[in-house]
Every structure is written in structure tokens, then in C-alpha cells.
Amino acid sequence: MDLQNPLLAYLGVGLSEWTAGHCRFYLDVEPRHLNRQASLQGGVIATLLDAACGYAGLTPDGEEAQDHAVTVMLTISYLAKVDSGRLFATGRLTHMGRRLYFASGQVATSENKIIASAQGTFRRSQ
């Protein structure tokens, strides 16, 4: 599915699941994703969490008209370092209002080691 998101495409982020209230992306960590300490750049983790949480509150393409949202607030806890392997970013809708929605997410390794977690607030837009 084409998410029409050039940044995610540029980073090599792929979509593995997207249903109403749930979204899961994956990323194979490459040298271009690493910082000066040779671990995954925090901004890449933030992008994964923002996308997973944000898409969790949107309607998957094919179910209804595609909608959009902007991030109002995103709080991230970085819990562990990683420098290689496949990561999964999972977002779950926790509350839906008329214009705002709330979601939580995690980035984990293939072995289910949690790298980071987040909570966010998003505003629907057309």
C-alpha cells in the first residue's frame, strides 16, 4: 500500500499491518540510520513512533475515504539502544474524540525487546 508519505519511503519504513485503531510499521536498521555513537538515531525512533501512533487513529485506505492528522503532542521514552536488525513500531488508538485522538506506541526488536515507547495527541484534518 502506498502511504503517500515521502519521509517514511526515504527512510525505508514499511507497513506490515493497518486496521482501525492499530498500525504496525517495520524498519531494517541500516548504517544511514545510525548516529555518531553507532546506535539508532533518536529522530528515526521518534519518526517511527509518530507514524505508528498517528496512523492508528486514521482510517485504513479501502475502508473509507483516506483522512489525515497532525501531531499535537508526542512524548517519547527512550529505553534501550539498538544498532542493527529489524524493528517494529506499533501504535494503538486509546481514545477518539471529535477532532482529537490519543494513541500509544512502542518500538521493539524482532525479539520483542522494547526500545522506546510513546503517547501522543493528534488532530484530524482533511
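Biologist: In which strand is Thr109 found?

Modeller: This is a predicted model, and its helices and strands are numbered from the N terminus. On that numbering, Thr109 is found in strand 5.

Biologist: Is Thr109 buried or exposed?

Modeller: A residue counts as buried when its relative accessible area is under 20%. Thr109 has a relative accessible area of 9%, so Thr109 is buried.

Biologist: Which residues does Thr109 touch, not counting those up to four places away in sequence?

Modeller: Contact here requires heavy atoms within 4.5 Å. With residues up to four places away in sequence not counted, Thr109 touches Val82, Arg86, Leu87, Phe88 and Ile115.

Biologist: Arg86 is in that list; with which residue does Arg86 form a salt bridge?

Modeller: Arg86 itself is partly exposed, at 34% relative accessibility. Its salt-bridge partner is partly exposed as well, at 33% relative accessibility. The closest N and O atoms of the pair are 2.7 Å apart, and the partner is Asp28.

Biologist: How many residues apart in sequence are the parts that Arg86 and Asp28 tie together?

Modeller: Arg86 lies in strand 4, whereas Asp28 lies in strand 2. The pair therefore ties together parts whose separation in sequence is 58 residues.

Biologist: How many salt bridges are counted, and which residue does Arg24 meet in one of them?

Modeller: The count comes to 3 salt bridges. One of them joins Glu30 and Arg32, with the closest N and O atoms 2.8 Å apart. In another, the side chain of Arg24, a residue at 24% relative accessibility, meets its partner at 3.7 Å, N to O, and that partner is Glu17.

Biologist: Are Glu30 and Arg32 buried, exposed or partly exposed?

Modeller: The partly exposed class lies between 20% and 50% relative accessible area. Glu30 has a value of 34%, and Arg32 has a value of 45%. Both values fall in that class, so Glu30 and Arg32 are partly exposed.

Biologist: Which element supplies the largest share of the largest nonpolar core?

Modeller: The largest nonpolar core has 30 residues, and those with the most contacts inside it are Phe25, Tyr55 and Val107. Elements that each supply at least two residues include helix 1, strand 2 and strand 6. The largest share, 9 residues, comes from helix 2.

Biologist: How many of the 15 residues of helix 2 are buried?

Modeller: Helix 2 is mostly covered. Among its buried residues are Val44, Ile45, Leu48, Leu49 and Tyr55. Of its 15 residues, the number buried is 11.

Biologist: How far apart are the end C-alpha atoms of helix 2?

Modeller: At 1.5 Å a residue, the 15 residues of helix 2 should span 21 Å. The model agrees with this expected span, the distance between the end C-alpha atoms being 21 Å.

Biologist: Which residues of helix 2, including Tyr55, are in contact with Phe25?

Modeller: Helix 2 covers residues 42-56. Leaving aside neighbours within four places in sequence, the contacts of Phe25 include Leu3, Leu8, Leu87 and Phe88. Those that fall within helix 2 are Ala51, Ala52 and Tyr55.

Biologist: Where does Arg99 lie, and how far is Arg99 from Ser39 in space?

Modeller: Arg99 lies in the loop between strand 4 and strand 5 and is partly exposed, with a relative accessible area of 44%. Its contacts, leaving aside neighbours within four places in sequence, are Phe122, Arg123 and Arg124. Arg99 and Ser39 are 60 residues apart in sequence, and their C-alpha to C-alpha distance is 37 Å.

Definitions and conventions
Residues numbered from 1 in each chain as written. Predicted model: local features only at pLDDT ≥ 70, side-chain atom pairs only at ≥ 80, totals over all residues. Heavy atoms only, no water. Core = buried A, V, L, I, M, F, W, Y, C linked by side-chain atoms within 4.5 Å. Buried < 20%, exposed > 50% of the residue type's maximum accessible area, 1.4 Å probe, protein only. Helix = DSSP H or I, 4+ residues; strand = E, 2+ residues; numbered from the N terminus. Salt bridge = Lys/Arg side-chain N within 4 Å of Asp/Glu carboxyl O. Expected span 1.5 Å × (residues − 1).
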